[in-house]
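Work through the exercises below with the sequence and the 3D structure at hand. Try each task before reading its solution.

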Amino acid sequence: ATAQLVDFWSNRIQSDLAPFSDPGGELQLVKQGRTVTAKWSQRGADREAKFSISHDGVKVTTPQREYAYRAFFAGPEMADLPSLARMILKARQASLYIETKARLEGADGGKEGSALDCIRDALAGQQSQEATQIVMITGDAGAGKTSVLQELVRTQADGFVRGRVDCLYLYVNAQGRALARFTEAVAAELDELRSSLTFHEVTPLVRLGLLVPVIDGFDELLGVGGY
């Protein structure tokens, strides 16, 4: 059972670290007992981390400090999500926001309330490693969907900076874009925020529940793609 646990986490560590490794660089993993040592090159610098595996989770030790697994990827040595949160707050400074009413559809017949509360409730469900949770927001043109999404992203970033939440929402403007160019839409938003993150690095962060893409115009994105 221990060997299977180590093998599982070795594969997981490799898939999560690979997007952060420089193109053409080699990601090396060495297993020794319940410890996996990883070496890779990131933005031209040699990096090393030790992953201590147990049934309670994984601890990551670097020359700087020790982290929990998710905190390691969110921290300054990897994605540096606190800096991204501050960039989001600067880019989306608080402005006049008029609350919009919404209805959360569900098996219990639905719930009515503020749009922000309904979206947060929908996103509060348990996340699964095997499935992607998708929340669709619908409404008439001019109903205020974009304003709600932007306020949702801003308040989540504020909560992240204050330590009240442990994940960020990334606003992605996909209006008028083809599905094939979705990667460009994400990359463009990261460039606008002057973030050092790349689109490839977003993937493991989403998988870890550290970053949630908020796609504005998802229906248009599919329509342009011909679906």
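**Exercise 1. The overall picture**

How many helices and how many strands are there in the protein?

Solution. The model is predicted, so local features need pLDDT of at least 70 and side-chain atom pairs count only at pLDDT 80 or more, while totals for chains, interfaces and linings use all residues. Residues are numbered from 1 along each chain as its sequence is written, and side-chain values use heavy atoms, with hydrogens and water left out.

Step 1. Helices (H or I, at least four residues) and strands (E, at least two) are DSSP runs, numbered from the N terminus. The protein has eight helices and nine strands.

Step 2. Buried means under 20% relative accessible area, exposed over 50%, and partly exposed in between (1.4 Å probe, protein chains only). Of the 227 residues in the protein, 37% are buried.

Step 3. A contact means heavy atoms within 4.5 Å. Among contacts between residues at least 6 apart in sequence, 48% join residues at least 24 apart.

**Exercise 2. Helix α5**

Compare the span of helix α5 with the expected one, then state what covers its buried residues.

Solution. Step 1. The expected span of a helix is 1.5 Å times one less than its number of residues. Helix α5, residues 145–161, has 17 residues, and 24 Å is expected. From first C-alpha to last, α5 reaches 25 Å, close to that value.

Step 2. The buried residues of α5 include Val148, Leu149, Leu152, Val153 and Phe160. Glu151 and Arg154 are also among the buried residues of α5.

Step 3. The cover over these buried residues includes α3 (81–91), α4 (115–123), β8 (168–173) and β9 (211–216).

Step 4. Just after α5 comes Gly163, with a positive phi of about 80 degrees.

**Exercise 3. Three salt bridges**

For each of the pairs Arg12 and Asp16, Asp117 and Arg120, and Arg43 and Glu201, give the N to O distance and the place in the chain.

Solution. Step 1. A salt bridge is a side-chain nitrogen of Lys or Arg within 4 Å of a carboxyl oxygen of Asp or Glu. The structure holds 11 of them.

Step 2. In the bridge between Arg12 and Asp16, the closest N and O atoms are 2.9 Å apart. Both residues lie in helix α1, four residues apart, which is about one turn of the helix. Arg12 and Asp16 are both buried.

Step 3. For Asp117 and Arg120 the closest N and O atoms are 3.7 Å apart. These two are separated by about one helical turn, because they are three residues apart in helix α4. An α-helix has 3.6 residues a turn, so residues three or four places apart point the same way. Asp117 counts as partly exposed because its relative accessibility is 41%, and Arg120 is partly exposed at 31%.

Step 4. The side chains of Arg43 and Glu201 form a salt bridge at 3.2 Å, N to O. This pair links distant parts of the chain, 158 residues apart: Arg43 is in the loop between β2 (35–42) and β3 (45–54), and Glu201 is in helix α7 (residues 199–207). Arg43 is partly exposed, because its relative accessibility is 44%. Glu201, at 4%, is buried.

**Exercise 4. Helix α7**

Which residues of α7 are buried, and which elements do they pack against?

Solution. Step 1. Glu201, Val202, Pro204 and Leu205 are the buried residues of α7.

Step 2. They pack against α1, α2 (69–74), α3, α6 (182–192) and β9.

Step 3. Gly209, just after α7, takes a positive phi of about 75 degrees.

**Exercise 5. Positive phi outside glycine**

Locate Asp80 and Arg194, and say whether each is buried, partly exposed or exposed.

Solution. Step 1. Most residues other than glycine have a negative phi, and most peptide bonds are trans. Asp80 has a positive phi, near 55 degrees, and Arg194 also has a positive phi near 55 degrees.

Step 2. Asp80 is in the loop between α2 and α3. Its relative accessibility is 23%, so Asp80 counts as partly exposed.

Step 3. Arg194 is in the loop between α6 and α7. With a relative accessible area of 64%, Arg194 is exposed.
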